[in-house]
Amino acid sequence: TTLTLVVFTSDHGDFNWQLGLGKKDLVLYDALLRVPCLIRAPGNASQGRTSHALTEHADLFPTILDLAGLRAPPLSAQGRSFAAVVRGETETHREDTLATICPPHFTCEYPDHAAFRRAWEDQHAVPGTPLAFTAPYNVPGIFTRSLRTREWRYVWYRDGFEELYHLPSDPAEERSVARDAG
């Protein structure tokens, strides 16, 4: 007999104007990192259930294989299966998640969006310039990492800037307490 596993997901969340941002941007906040993921597994008794387990995109491949009754090749799968969460056997998967954006050698040379916009207006139509044929809203990023637990999100930028959010008291990540923690 053939059973079908259905997975619906995305590569990122959607800001919906949270933090004043309306599109995918080069920042690491929950509004962007919380990715929709719906899984319909055959014979799953816990259908219709919502989980808030911490997972990473790398966990999808081994999870799909696990739900299909297959083992992930040990050297090609970086993530860990969260099939037990899908089956309703547990509510936890990871203690923390790591997100990284832009390779370590990336540096944004523009101090703010206005400076980027001025450079873009001068360069976007000129072949061979750094911003040739780019969109006016694709601001080049900077190497950034984020570590998230159930209670905290820490964000580190290559230039040394840090953000720290206590998620139970600030779920929208509007007030960094990084300087307070110092």
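A salt bridge here is a side-chain nitrogen of Lys or Arg within 4 Å of a carboxyl oxygen of Asp or Glu. Arginine 117 and glutamate 121 meet that way, with N to O at 3.2 Å. Keep in mind that this is a predicted model. Across the whole structure, a search turns up nine salt bridges and three aromatic pairs. Here's a quick tour of some of them.

**Salt bridge inside a helix**
- Arginine 117 and glutamate 121 both sit in helix 4 (residues 113–123), and they're four residues apart, about one turn of the helix.
- Arginine 117 has a relative accessible area of 33%, so it counts as partly exposed.
- Glutamate 121 is partly exposed too, at 46%.

**Salt bridges between distant parts of the chain**
- Aspartate 30 pairs up with arginine 153, and their closest N and O atoms are 2.1 Å apart.
- That pair ties helix 1 (residues 30–33), home of aspartate 30, to strand 5 (residues 152–157), where arginine 153 lies; the two are 123 residues apart.
- Both aspartate 30 and arginine 153 are buried.
- Asp30 and Arg153 also belong to a salt-bridge network that takes in Arg148 and Glu173.
- Glutamate 56 bridges to arginine 94, with 3.8 Å between the closest N and O atoms.
- This one runs loop to loop: glutamate 56 is between strand 2 (37–40) and helix 2 (60–67), while arginine 94 is between helix 3 (83–86) and strand 3 (97–101), 38 residues apart.
- Arginine 94 comes in at 15% relative accessibility, so it counts as buried, whereas glutamate 56 is partly exposed at 22%.

**Aromatic pairs**
- Among the three aromatic pairs is tyrosine 29 with tyrosine 165: the ring centres are 6.0 Å apart and the planes sit at 70°, so the pair is edge-to-face.
- Tyrosine 29 is in the loop between strand 1 (6–9) and helix 1, and tyrosine 165 is in strand 6 (residues 162–166), so this contact links distant parts of the chain, 136 residues apart.
- Both of these tyrosines, 29 and 165, are buried.
- Phenylalanine 143 and tryptophan 156 make another edge-to-face pair, at 5.8 Å centre to centre and 80° between the planes.
- Phenylalanine 143 lies in the loop between helix 4 and strand 4 (144–148), and tryptophan 156 is in strand 5, 13 residues apart.
- Phenylalanine 143 is buried, with a relative accessible area of 7%, but tryptophan 156 is partly exposed at 28%.

Methods
Residues numbered from 1 in each chain as written. Heavy atoms only, no water. Buried < 20%, exposed > 50% of the residue type's maximum accessible area, 1.4 Å probe, protein only. Phe/Tyr/Trp six-rings, centres within 6.5 Å; stacked < 30°, edge-to-face > 60°.
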